[in-house]
Amino acid sequence: KVEKHLAKKKFSFPLKICFVGRLIPRKQVKMILEAAQILKKDGFEEFSISIIGNGPEKSYLKSFSNKLNVSDKTKFYGEVDYEEVLDTLMKMDLFILPSISEGISNALLQSCAAGCVPLVLKTQQNKEVVNSGINGFCFSNSKELAEYILKLKDSELMEKISRSAHRNVKKNFNIEQVAKEYKILYET
């Protein structure tokens, strides 16, 4: 469900960055932590990372965040209910999806509907939702992810991308549009 009117989102520092999903190897959450380390080494520390989800990699990722010296910037929430995820996304600035394989991610669509700026791994599925530089950014590695986060220190750019991501999801991925496309698919 995409709200008809997105309240003007207030972007401020520190940047609030979020990941939502199962903590498994193909989600590559460690890329987010590696990008955080790069940001800190470059002297940018005005960010926090919320990792929402559970899975077999949770303890590994916690220790990896300690090893990279970014545990002070990272909070692991574990599994939370659907409504809490939506509420949290409304408070976030950036949503990161580093997954190597995914269908069209519900979490990605939800984050765009909530006005987050999406940063996604460059995969075919993600490119169906994110047009890099227009309604989000597609990255190939942790270094590129960090560069996009630094680029988004520009609040005007962040606001422009956020509005574009929201409009895209509202127009192309709302439930009515998706149902119409499924109906056409099944009738042909």
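The following paragraphs consider two helices that lie side by side, one lysine, and a further helix with its cap.

The model is predicted, so local features need pLDDT of at least 70 and side-chain atom pairs count only at pLDDT 80 or more, while totals for chains, interfaces and linings use all residues. Residues are numbered from 1 along each chain as its sequence is written, and side-chain values use heavy atoms, with hydrogens and water left out.

Helices here are DSSP runs of H or I with at least four residues, and strands are runs of E with at least two, numbered from the N terminus. The axes of helix 1 (residues 30–41) and helix 2 (residues 58–67) come within 10 Å and cross at roughly 10°; axes are lines fitted to C-alpha atoms, for helices over the stretch in contact, and angles run from 0 to 180 degrees between N-to-C directions. Helix 1 is therefore roughly parallel to helix 2, a term for angles under 35 degrees. Lys 30, Leu 33 and Glu 34 of helix 1 meet Tyr 60, Leu 61, Phe 64 and Ser 65 of helix 2 in this contact, where contact means heavy atoms within 4.5 Å.

Lys 40 also belongs to helix 1. Lys 40 counts as buried because its relative accessibility is 15%; buried means under 20% relative accessible area (1.4 Å probe, protein chains only). Beyond its neighbours within four places in sequence, Lys 40 contacts residues including Glu 45, Phe 47 and Asn 69.

In helix 6 (residues 142–151), the residues Ser 142, Leu 145, Ala 146, Tyr 148 and Ile 149 are buried. They line one face of the helix, because they fall within an arc of 160° seen down its axis, the arc being that of the directions from the helix axis to the C-beta atoms. The buried residues of helix 6 pack against helix 1 and several strands, among them strand 1 (15–20) and strand 4 (94–97).

Key. Angles under 35 degrees count as roughly parallel, over 145 as roughly antiparallel, 65 to 115 as roughly perpendicular and the rest as oblique. Buried means under 20% relative accessible area, exposed over 50%, partly exposed in between (1.4 Å probe, protein chains only). A polar contact is a pair of N or O atoms within 3.5 Å; within protein, one must be able to donate a hydrogen and the other to accept it, and residues adjacent in sequence count only if both atoms are side-chain atoms.
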